[in-house]
Amino acid sequence: MVKNTYDVIIIGGGPAGLTAGIYTSRDRLKTLLLEKAICGGLVATADSIENYPGFPDGIKGKDLLLKFKKQAEEFGTEVKELEGVKSIKQENGKIKVQTNKEEYNTHSLIVASGSIPKSLGIPGEKELLGRGVSYCVICDGPFFKDKDVVVVGCGNSGLQEGEALLKFVKSVTFVEFLPYMKAAKILQERLQKNKKATFLLNHKITSINGKNIVDSITVKNRETNEEKKLQVAGVFMYVGFLPNSKFLEGVVKLDNTGYIKTNERMETSVPGIYAIGDIRSKEVRQIDVACGEATVAAVSIQYYLEEMKTKTK
Amino acid sequence: MAKGKSIEVNDTNFEVEVINSEIPVLVDFWAPWCGACRTAGPIIEKLAGEYDGKVKVCKLSVDDGGQTATKYSVMSIPTIILFENGKVVDQVVGVMPSFESDIKGKIDSIIK
């Protein structure tokens, strides 16, 4: 039983979770980090990070997060990958975390489970997943060398990953639902100069077509309602994100979109449970913001655990 | 073939090793540049040990086996495809916590 008891359990191995691990381990708190897939989070799927301070030439998301992980592990964070959390229960001041493999006890919990790419639910999207439909350029991009592809969504992720694709595909058509692009101006400027890029603003993708693999998509002009087919081999979806908070329903207070509510100290509605990073209800979702929140949570936990000790003495 | 270990296949030996195999074959389509594939690797190796003699476990790097990957419409890795009598019987795409149990379930339903 003692073996499976921790001071801090962190759920999620993205920037927020790994930074929290660096801090709590340095405080000599027994820390376990649980990651449902592999560490890195959404950042690991980013081709290049240009806005994280300290890397003026940009850095691959995967490389940046490997550094985060190494740093957390070197200070003592125990990292378990491919271990997803099923449920969380609170009993007599202790928190029980049940995963697909084991049950753990912890004095405090940091939820850094992030968000997952949203799907549109259009015909063909699910059926052709991994057969031309992708949510990750860095994972699947190389299969589309010299082919025509589409990127759906012109936010920062869409344009950044589209730019990565443009290095080796034949063409990229960017489809955006809104009449304008939300991405940072610097990205828009760079891509509009690229001859292999085409933009379809104010267009809705209505279906992804193909028998065994993707061969085309259907888009609809939202102004004229005119529909047309585009011949493409790949469809990369960057249409936003959803909170990964299903396992927390009924445990902590969520906002009406499913993100976790906290105060400035990153405390959720339940004492001992903290939330940081993209899963937290807030406006700005960025790596450096996630790291900042992780720092705040780690310090709050230090005080919380000290207080608990004094109380039980 | 080393006992209980995976074997490397490519476009050249795919037919001999996979299509003509007398026992079911698991093929792990992977690449050195794929992070998720590195996580899947040890699990695939473990399965090669567990199913030794019952299922042949092969690894195909899409960098060396591009034609084969295209033939089987592999456009996302890791993709694990199960073959029996030269035909595709099932597949798993991507790495999830249930990765190992998903594959085992699929193998068990074939070798029963």
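Fourteen is not a bad number to start with: in this predicted model, the second largest pocket has 14 residues in its lining. Those nearest the centre of the pocket are A:Phe143, A:Lys147, B:Gly66, B:Thr70 and B:Val74, so named residues from chain A and from chain B turn up here, given that lining residues have an atom within 4 Å of a point. The space inside comes to about 280 Å³. Sorted by class, the lining of this pocket holds nine nonpolar residues, along with three polar and two charged ones.

A:Phe143 turns up again where the two chains meet. Together with A:Leu82 and A:Arg131, A:Phe143 provides 36% of the area that chain A buries against chain B, and no other three residues supply more. Chain A brings 18 residues to the contact and chain B brings 17. About 1,500 Å² is buried between chain A and chain B, with carbon and sulfur atoms accounting for 64% of it. As for polar links, two residue pairs are in polar contact between chain A and chain B, counting pairs with both residues at pLDDT 80 or more. Salt bridges across this interface number zero.

A:Arg131 also has a second role to note, this time beside an enclosed space. The structure has one cavity of 30 Å³ or more, and the volume of the largest cavity is about 40 Å³. On the chain A side, A:Leu129, A:Gly130 and A:Arg131 line the largest cavity. From chain B, the lining takes in B:Ser73, B:Val74, B:Met75, B:Thr79, B:Gln91 and B:Val93. B:Val74 is thus a familiar name, being among the residues nearest the centre of the second largest pocket and part of the lining of the largest cavity as well, in the sense that lining residues have an atom within 4 Å of a point. By class, the cavity lining splits into four nonpolar residues, four polar residues and one charged residue.

Now for the inside of chain A. The domain assignment splits chain A into domain 1, covering 2-116 + 241-312, and domain 2, covering 133-237. Their C-alpha centres are 33 Å apart. Where the two domains touch, domain 1 of chain A gives seven residues and domain 2 of chain A gives eight. The area buried between these domains is about 640 Å², and 47% of that comes from carbon and sulfur atoms. On the domain 1 side of chain A, the residues losing the most area to domain 2 are A:Thr45, A:Asp47 and A:Glu50, which together make up 64% of what that side buries.

A:Glu50 has a partner across this boundary too. A salt bridge joins A:Glu50 to A:Arg190, with their closest N and O atoms 3.2 Å apart. Two salt bridges are found across the interface of domain 1 and domain 2 of chain A. Polar contacts between these domains add up to three residue pairs, both members at pLDDT 80 or more. The side of domain 1 that touches domain 2 in chain A is made up of three nonpolar, two polar and two charged residues.

Key:
Residues numbered from 1 in each chain as written. Chains lettered and ligands numbered in written order. Predicted model: local features only at pLDDT ≥ 70, side-chain atom pairs only at ≥ 80, totals over all residues. Heavy atoms only, no water. 1 Å grid on protein atoms, 1.4 Å probe; cavity = no way out; pocket = protein on both sides within 12 Å on 5 of 7 lines; lining within 4 Å. Points joined across faces, edges and corners; volume = space filled by probe spheres on them. Nonpolar A, V, L, I, M, F, W, Y, C, P; charged D, E, K, R; others polar. Domains from an automatic or database assignment. Contact = heavy atoms within 4.5 Å. Buried area = accessible area lost by both parts, 1.4 Å probe. Salt bridge = Lys/Arg side-chain N within 4 Å of Asp/Glu carboxyl O. Polar contact = N/O pair within 3.5 Å; in protein donor to acceptor, adjacent residues only side chain to side chain.
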